[in-house]
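The following report looks at selected residues of one model, with attention to where they sit and how charged side chains pair.

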Amino acid sequence: MPTTPSHPSAVRHPVVAVRRRQVLPAWVRTIDRAAAHRVRNRRTHPLVDRGYARLSHSANRSVLWLSIAAGLFVLGNRRAAVRGSASIVVASALANLVGKRVFGGDRPLLKDIPVGRRLKRHPTSASFPSGHSASAAAFATGVALESPRAGAAVAPAALAVAYSRLHTGAHWLSDVIGGFAIGAGVALVGRWLVPSPQPPAPESAPRGGTPTALPASADGAGVFIVVNPASGGTLGPDPATVLERALPAARLHRSAEGEDLAAIVRAALTGEDPPRVIGVCGGDGTVATVAGVAQAADVPLLVLPGGTFNHFARTAGLESVQHGIDALAAGTGLRVDVGTLSRGDREPVTVLNTVSLGVYPDFVAEREKLEPRFGKWLGGVVAAGRVLRTVDPVTVLLNGRRVRVWSLYVGVSRNSPATVAPLQRLRLGGNVLDVRILHAGRRDGAALSLAFGRRTSRILRWLLPGSSVIERFVTDAVTLEVPAGEGSPAVFAHDGEVEHAAVEVAHRFTVRVAPRALSVYSPLGADRPEPDRPL
């Protein structure tokens, strides 16, 4: 009776071995053997060996990439998440269902691989091309085509996964290169077949708001601008330098870490020479803080996008700092709706985009912990993966109704109907709050619903009984209460800023819409009812 080999990859199947010699030139096989020999004989710490093995395992069935896609979606980079995920589907099918059958080839022998580097289950399918490498390259390239910044954050992980296939002896060098070429090619062809939609010109975008004439200033006279360098959203020139050149008569204040921006703006407004326009360069949280002071003083706000996402600025047609400078020079603006967040006897807070409970505040709190080490983008991706695995549902009293939720969002004005997490408003008017509730259910279903929207949640409820139900309604005010003992120290967030508080205490707050409460410079207000009023 013939003996059975101890592991299916311990011997070479003769047909598979012959196919590799037929398909790959001799010089390629020579390079493969030399590269495998060099990697095998390179001494590495056992922790490094285990790390590469775990990384390789995390990319099985593209779990790693789909988790990152969910994080990107929650962060607001939805097109990058969708294109990266779609590229994976096509590249994986092409590599595993077509490439391996046509080319195939034997994998490195298990006996040649150091024990500490071996995967728990050494793969036995055909070797060429590497499916892991194809998926990694497809996702990283797809993400980069939509967002170069996000692609730069994902690329190191993709390269590490590809190398892990060499380090663990799962593939030859040619397998990895071939898989990478397939994945990148699929993403590039996908971009050619399904190009990204071009954003509409700011002047023609129908985003609501009431056109209004605002004080015009070509050189910045009468303008006080707060610049937050910590927002970290610009890859080009320092926005403060740009503003100094374009608006030499403006007064600029570069904020330091921990500075109270609201107090700085209030001091400027009550000083000897109060400005007639308040400007702010930073992210959504910074803009919302200064907007509250401008709203209270009934002073027009000049928004200069300088953050990572700039959700409010983009809705207002301000895609760059130059758009804000041009609107100031022309005196074009809008009266826009904002939200007002009230908490007992505390001073109300102005909200420009959203108030949220559940997943998002926990995600922001985790990202803030990781940001000093990984940066905002990569830290955000890691934080999303951690939170989606560990977060628990939260009990909330919504207008007196008790609900248990994964997430609850209150958006100012209407948001995209397809999403669970409305981070950027579609309109600047409308006099409504857009409420989205992801009710408690299966954890895996909740993560997929957050990543891919309401339509996916309907499919999941059919495929995965017990998946989360998504509820949506519009209103002009909503009262929320988190009972004592629920939630986490990151109780809720507004415009990306987390409110930290004790879990042992109940928290109650109300969000209302304030119609046309804020004047904002915007190119969308070009059809203004009055002529310019110079400062």
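In this predicted model, Phe103 is placed in the loop between α5 (78–102) and α6 (131–146). With a relative accessibility of 36%, Phe103 counts as partly exposed. Along the sequence Phe103 and Phe128 are 25 residues apart, while in space their C-alpha atoms are 6.1 Å apart.

The charged side chains form another part of the picture. Side chains of opposite charge can pair when their charged atoms come close. The structure holds seven salt bridges, and the table lists three pairs from among them, with the distance given from N to O.

| Pair | N to O distance | Separation in sequence |
|---|---|---|
| Arg79 and Glu146 | 3.2 Å | 67 residues |
| Asp298 and Arg335 | 3.7 Å | 37 residues |
| Arg401 and Glu471 | 2.9 Å | 70 residues |

In the salt bridge between Arg79 and Glu146, the closest N and O atoms are 3.2 Å apart. Because Arg79 belongs to helix α5 and Glu146 to helix α6, this pair ties together parts that are 67 residues apart in sequence. Arg79 counts as partly exposed, since its relative accessibility is 45%, whereas Glu146, at 16%, counts as buried, the cut-off for buried being under 20% relative accessible area. The pair also belongs to a network of salt bridges in which Arg79, Arg83 and Glu146 are linked.

The salt bridge between the side chains of Asp298 and Arg335 has an N to O distance of 3.7 Å. This pair links distant parts of the chain, with Asp298 in the loop between α11 (284–297) and β6 (301–305) and Arg335 in strand β7 (residues 332–342). Asp298 counts as exposed at 57% relative accessibility, a value to be read against the limit of over 50% for exposed residues, while Arg335 counts as partly exposed at 23%.

A further salt bridge joins the side chains of Arg401 and Glu471, at 2.9 Å from N to O. Here, too, the pair links distant parts of the chain, with Arg401 in strand β11 (residues 401–412) and Glu471 in strand β13 (residues 470–475). Arg401 is partly exposed, with a relative accessible area of 36%, and Glu471 is partly exposed as well, with a relative accessible area of 21%.

Notes
Residues numbered from 1 in each chain as written. Predicted model: local features only at pLDDT ≥ 70, side-chain atom pairs only at ≥ 80, totals over all residues. Heavy atoms only, no water. Helix = DSSP H or I, 4+ residues; strand = E, 2+ residues; numbered from the N terminus. Buried < 20%, exposed > 50% of the residue type's maximum accessible area, 1.4 Å probe, protein only. Salt bridge = Lys/Arg side-chain N within 4 Å of Asp/Glu carboxyl O.
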